[in-house]
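This report goes with a protein structure shown below. Please look through the sequence and the model before reading on.

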Amino acid sequence: MSAVSFSPAQLAEVRRLQALYPERRAALLPVLRLAQETFGYIAPEVETYVAELFELSPAHVHEVVTFYTLFFQAPVGRHVVAVCHNLTCSLLGAEDILAHLQARLGIEAGETTPDGRVTLLRVECLCACEVGPMMQVDDEYVGPLTRDRVDRVLEDLR
Amino acid sequence: MAERVLTRNFDRPDGHTLAGYQALGGYQALRRSFEMGREAIAAEVKKSNLRGLGGAGFPTGTKWGFIPKERKGPVYLVVNADEGEPGTFKDRYLLEQDPHALIEGMLIAAYAIGCATSFIYIRGEYVRPWRIFTRAVEEAEGAGLLGANILGSGFDHRIVVHRGAGAYICGEETGLLSSLEGKKGWPKIKPPFPAIKGAFGQPTIVNNVETLCCLPPIISRGGEWFASLGTKTQGGTRMFSVSGHVQRPGVYELPVSVTLRSLIEEHAGGMRPGRTLKGVVPGGSSAAILTAAEIDVTMDVDGLRNAGTMAGSAGVIVMDDTTCIPEALYVVARFYAHESCGQCTPCRECTGWIYKIAGRILHGKGVPQDPDTIVDVAQRGTGTTICAFYDGAIGPYISYVEKFRAEFDHHIRHGDCDVRPGRPVSAPAH
């Protein structure tokens, strides 16, 4: 990642977001989301670039990026599969689902398949306990999960 | 069948659209609010005995009353849609199925407190709820229900939709405000309370999604009617999120005077075939566990407080006799250790210690004094921190150990589980 910069349209979006709030710093989370969508993950040079857009210190941006689980500091796969392992999902077999996913993908939770297809994560409650055990696949919630349903979901991930 | 107030529009397939909402009488309460005026709205909300439905149960009318009468600069309304309490999912239903009820509730509250700009903080993982709610805001803007001079009232209002980025602590109202301001979600010392000095240093009311959705019916049908649905100290109905080992998990809207037994056995269909109840967490994972013998309690804030637990977010997690309580504690302790924001030493350290102790008990390496140590460590941190996170965490720590002590002792003595011997146990933390 050599040249880190937004397009003119994206820079206009940054200014629009900054103007939504009484203090422009409040747009930091939305702009970091835009940066992650653009650059794939938030590398140190992205933090520096975003810090310049806000006239904030890179340290402040780093502190924010590292605080939240949805900001990635390293490349992730084309799909992110996040399995809830909190209380209800755990009561309903989340560990079995995780074991199955790990076996099918050949990776541990926290890793990405060598072909860059899937990153598998353990996450805390996604607040869809009524369909537990459940997971988030990119933007979508999926549950209740069985091993068969997991297999079908994986087949659709290219 | 009890009357449905908050989920009244859920059966209508287009209830989430402006046309569908208006066909059901939507935005009439807003018109009426403009006729009533600010003080009459506040009086009606006080009469309704509405209490905050995010977790703390604070009387909503009283909270609004803390805004200084003499002030310079704006007042903000911030909607807490950072639903994250394990076992809770009702705000997701409201955002997806009745977003205009929330917008109308926000407008009523904003008008009552004199607020021109509100912010709704939606948890980052809630992509679909965010899309649906954002679409509803655009519809409302297009129809003149947001913007300048709404419905000819002279009242201007805009809604800023803000998305979180994954942190349980941002559901705590001052942590949420820090996050909204573009910082990590560290809670702030109170006082000053947000109503005095909140978002961007201005007086701010932080209300939960479900709380605000109560406002249109309160205005339409009156505070007394709303109060009459509940108990003496808490008006209205509530959306109970029921999950775990029940036949029919889901959201059930019921008067807060419903008993936990009725909620589990009648509404959620009871236990799975051949199974019996072991324990139930009545108000999200931060509530103390109740045993099968303790479920003849009413689900209102005061009823559950008197039973030694809390109504919290009304997330009801049901555990049957296949549940290993030391494993449940381990899972919960892992959560609190992961989500502690790290600001206050007692919380940061105690959540980590208890997670480690729960882990060694579960994995057969516990020592006899471990259960007592958990209770001791838990109690030492009480009341020493900036926010309520740690006081919430000790609910499960202490109650799981004290009410199911024999299970912990069995694990320590035998290095294995008496409920499900020889099974694989949970993997370590992420």
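The text below describes a predicted model, beginning with one chain and moving on to cysteines, a strand pair and some backbone details.

**Chain A as a whole**

Chain A contains seven helices and four strands. Read from the N terminus, its elements follow the order α-α-α-α-β-α-α-β-β-β-α. Along the principal axes, the C-alpha atoms of chain A fill a box of roughly 50 × 35 × 25 Å. The chain has 158 residues, and 56% of them count as buried. Its exposed surface is about 6800 Å², with carbon and sulfur atoms supplying 52% of that area.

Contacts also show how parts of the sequence meet in chain A. Taking contacts between residues at least 6 apart in sequence, 60% join residues at least 24 apart. As for charge, chain A carries 13 positive and 22 negative charges, and the mean positions of these two groups lie 4 Å apart.

**Cysteines**

How many disulfides does a search of the whole structure find? The search gives zero over all chains. C129(A) is in no disulfide, and the nearest cysteine sulfur, which belongs to C125(A), is 3.8 Å away. A disulfide requires two cysteine sulfur atoms within 2.5 Å. C129(A) has 4% relative accessibility and therefore counts as buried.

Why does C341(B) form no bond with C344(B)? The closest cysteine sulfur to that of C341(B) is the one in C344(B), and because the two are 6.3 Å apart, they are too far for a bond. C341(B) has a relative accessibility of 19%, so C341(B) counts as buried. The cut-off for buried is under 20% relative accessible area.

**A hairpin in chain B**

Strand β5 of chain B covers residues 237–244, and six bridges join this strand to β6(B). The two strands run antiparallel. They form a hairpin, with five residues between β5(B) and β6(B). One of the residue pairs is F240(B) with Y252(B), its bridge partner in β6(B). Strand β6(B) spans residues 250–255 and is mostly covered, since five of its six residues are buried.

**Backbone details**

Two cis peptide bonds in chain B follow one another. The bond from K190(B) to P191(B) is cis, and the bond from P191(B) to P192(B) is also cis. Where do these prolines lie? P191(B) is in the loop between α8 (173–180) and β4 (204–208) of chain B. P192(B) is found in that loop between α8 and β4 as well.

A positive phi appears in C127(A), although this residue is not a glycine. C127(A) sits in the loop between β2 (118–123) and β3 (135–137) of chain A. With 0% relative accessibility, C127(A) counts as buried.

In chain B, L151(B) is a residue other than glycine that has a positive phi. Its place is the loop between α7 (127–142) and β3 (158–163) of chain B. L151(B) is partly exposed because its relative accessible area is 31%.

The table lists the backbone angles for these places.

| Place | Angle | Value |
|---|---|---|
| K190(B) to P191(B) | omega | near -5° |
| P191(B) to P192(B) | omega | near 5° |
| C127(A) | phi | about 60° |
| L151(B) | phi | near 55° |

Key
Residues numbered from 1 in each chain as written. Chains lettered and ligands numbered in written order. Predicted model: local features only at pLDDT ≥ 70, side-chain atom pairs only at ≥ 80, totals over all residues. Heavy atoms only, no water. Buried < 20%, exposed > 50% of the residue type's maximum accessible area, 1.4 Å probe, protein only. Contact = heavy atoms within 4.5 Å. Areas by Shrake-Rupley, 256 points an atom, 1.4 Å probe, with all protein chains shown as cover. Lys, Arg positive; Asp, Glu negative; His and termini not counted. Charge placed at Lys NZ, Arg CZ, Asp CG, Glu CD. Pairing = 2+ DSSP bridges.
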